[in-house]
Amino acid sequence: MEKTFLMVKPDGVQRNLIGEIVSRFEKKGFQLVGAKLMSIPNELAEEHYGEHKERPFFGELVDFITSGPVFAMVWQGENVIATARQMMGSTNPKDAAPGTIRGDFGLTVGKNVIHGSDSPASAEREIGLFFKETEVVDYSKLV
Ligand code: CMP
């Protein structure tokens with residue numbers, strides 16, 4: 001079953017949006033298979049956002065994501081990577097459609113409430129960075 005990494009960013013946690021965001025993915029029909037409230041160490045933030053290392057906003061990005069607790073999650077379901085991205089809306093909330101998470105709750109590109117993996121390769125990499133194998137549950141043996 002396809003899996004993706006989603007994370008409520010520090011602004012979303014501070015604004016008490018964890019429940020709202022989890023609820024949207026649950027109601028869509030996806031299954032939560034891993035979750036933790038955590039503070040991201042600097043090294044993990046730099047590795048997670050490694051592809052943006054040369055961007056002018058890299059320092060700001062790392063400072064923000066390490067500024068307060070995040071809610072890291074693994075979700076699974078049919079086509080979850082692309083569908084979760086659609087449900088999140090455009091990276092810049094000013095371009096995000098109403099009804100999407102960023103369209104409904106975000107205002108600026110830095111504080112855009114949620115992160116989600118953009119491809120199967122990123123999903124695998126990001127899940128591996130944030131979760132040990134034993135922290136991702138398996139529902140497939142349920143009787
Ligand atoms: P995210 O999906 O977490 O991946 C990279 C992040 O970089 C992105 O969401 C934005 O929050 C952030 N970002 C993109 N462009 C800018 C920018 N110009 N200034 C600050 N942050 C940015």
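How many Å separate an oxygen atom of the ligand from an N or O atom in the side chain of K9? In this predicted model, the answer is 2.7 Å. H115 joins in too, with a polar side-chain atom 3.0 Å from an oxygen atom of the ligand. For N112, an N or O atom in the side chain is 3.3 Å from a ligand oxygen atom. What about the ligand's surface? On its own, the ligand exposes 460 Å², and the protein buries 80% of that.

Now for the wider surroundings. Besides K9, N112 and H115, the residues around the ligand include Y49, H52, F57, E60, L61 and T91. R102, V109 and G110 are part of this shell as well. Sorted by character, the shell comes out as four nonpolar, five polar and three charged residues.

And where does the ligand actually sit? Its place is the largest pocket, which has a volume of about 520 Å³. This pocket is lined by 24 residues, and those closest to its centre are K9, Y49, H52, L61 and T91. These five names also turn up among the residues surrounding the ligand. The lining of the largest pocket splits into seven nonpolar, eight polar and nine charged residues.

Several elements of the fold help to build that lining. Helix 4 (58–65), helix 5 (80–88) and helix 7 (120–130) each supply at least two of the lining residues, and so does strand 4 (114–116).

Notes. Residues are numbered from 1 along each chain as its sequence is written. This is a predicted model: local features need pLDDT of at least 70, side-chain atom pairs count only at pLDDT 80 or more; totals for chains, interfaces and linings use all residues. Side-chain values use heavy atoms; hydrogens and water are left out. A residue is near a molecule or strand if one of its heavy atoms lies within 4 Å of it. A polar contact is a pair of N or O atoms within 3.5 Å; within protein, one must be able to donate a hydrogen and the other to accept it, and residues adjacent in sequence count only if both atoms are side-chain atoms. Accessible areas come from the Shrake-Rupley method with a 1.4 Å probe; for residues, only the protein chains shown count as cover. On a 1 Å grid over the protein atoms alone, a cavity is a set of points where a 1.4 Å probe fits but cannot get out, and a pocket is an open set with protein on both sides within 12 Å along at least five of seven lines; lining residues have an atom within 4 Å of a point. A molecule sits in a cavity or pocket if more than half of its atoms lie within 2 Å of its grid points. Ala, Val, Leu, Ile, Met, Phe, Trp, Tyr, Cys and Pro count as nonpolar, Asp, Glu, Lys and Arg as charged, and the others, Gly among them, as polar. Grid points are joined across faces, edges and corners, and a volume is the space filled by probe spheres set on the points. Helices (H or I, at least four residues) and strands (E, at least two) are DSSP runs, numbered from the N terminus.
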